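Here's a quick tour of side-chain contacts and surface features, written for someone who likes to see the cut-offs. Have the viewer open while you read.

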Amino acid sequence: MISRMPEEKLYYVLQLFESLEDLSENTVKEVKTPEQRALEDLKRFRKRGDAEIDYKAESAKAREEKYAVLIDTNVLADVLLGRDSYYDTAYNILAL
């Protein structure tokens with residue numbers, strides 16, 4: 001019967017056999033570990049983006065926002081103690 005069937009119809013026969021195989025209790029189904037299932041979930045939710053991310057620039061921006069100005073304690077001490085040789089420069093730095 002299959003040998004007399006036209007070639008374009010064999011696809012449907014193949015689908016029928018595959019669906020019968022899925023219904024069979026004797027087939028060995030692949031058992032996935034929780035890690036494999038989690039990875040599949042992550043892949044499913046992953047967004048594909050065309051834009052390239054510049055991680056260095058993004059990191060620099062975050063550091064700049066978090067640590068806007070970093071002042072040495074000696075500069076603060078120069079202003080508070082009124083050290084003559086450094087006072088003007090230290091005051092200008094703190095005025096920023």
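R44 lies over the face of F45, 5.0 Å from the ring centre. The rule for a charge over a ring is NZ of Lys or CZ of Arg within 6 Å of the ring centre and within 35 degrees of the ring normal. Keep in mind that this is a predicted model, where local features need pLDDT of at least 70, side-chain atom pairs count only at pLDDT 80 or more, and totals for chains, interfaces and linings use all residues. Residues are numbered from 1 along each chain as its sequence is written, and side-chain values use heavy atoms, with hydrogens and water left out.

R44 has a second partner, too: its side chain meets that of D41 in a salt bridge. Here a salt bridge is a side-chain nitrogen of Lys or Arg within 4 Å of a carboxyl oxygen of Asp or Glu. By that rule the count comes to 3 salt bridges, and here they are.

| Salt bridge | N to O distance |
|---|---|
| K32 and E40 | 2.6 Å |
| D41 and R44 | 3.0 Å |
| D78 and R83 | 2.8 Å |

How far apart are D41 and R44 in helix α2? They sit 3 residues apart, about one turn of the helix. Helices are DSSP runs (H or I, at least four residues), and strands are E runs of at least two, numbered from the N terminus.

Now for how open these residues are. Buried means under 20% relative accessible area, exposed over 50%, and partly exposed in between, with a 1.4 Å probe and protein chains only. R44 counts as exposed because its relative accessibility is 56%, while D41, at 32%, is partly exposed. In the K32 and E40 bridge, K32 is partly exposed at 30% and E40 is partly exposed at 38%. Is D78 buried or exposed? D78 counts as buried, because its relative accessibility is 8%, whereas its partner R83 is partly exposed at 36%.

Back to α2 as a whole: this helix covers residues 34–45, 12 residues in all, and reaches 17 Å from its first C-alpha to its last. That is close to the 16 Å expected at 1.5 Å a residue, taking the expected span as 1.5 Å times one less than the number of residues. The number of buried residues in α2 is 0, so the helix lies largely in the open.

On to the rings. The structure holds 2 aromatic pairs. Y11 and Y12 form one that is edge-to-face, 5.5 Å centre to centre with 75° between the planes. Y87 and Y91 form a stacked one, 6.0 Å centre to centre with 20° between the planes. The rule pairs rings of Phe, Tyr and Trp (its six-membered ring) if their centres lie within 6.5 Å; planes under 30 degrees apart count as stacked, over 60 as edge-to-face and the rest as tilted. Because Y87 and Y91 are 4 residues apart in helix α5, about one helical turn separates them. Y87 is partly exposed at 31%, and so is Y91 at 45%. Y12, at 53%, counts as exposed.

Last, the surface. I71, L76, L80, L81, I93, L94 and L96 form a nonpolar patch with about 710 Å² of accessible area together. The elements giving two or more residues to this patch are α4 (73–81) and α5 (87–94), and the largest share, 3 residues, comes from α4. L76 has its place in α4 and is partly exposed at 41%. Patch members have over 30% relative accessible area and no salt bridge; like charges are joined within 9 Å, and nonpolar side chains (Val, Leu, Ile, Met, Phe, Trp, Tyr) within 5 Å. Areas come from the Shrake-Rupley method with a 1.4 Å probe, and for residues only the protein chains shown count as cover.
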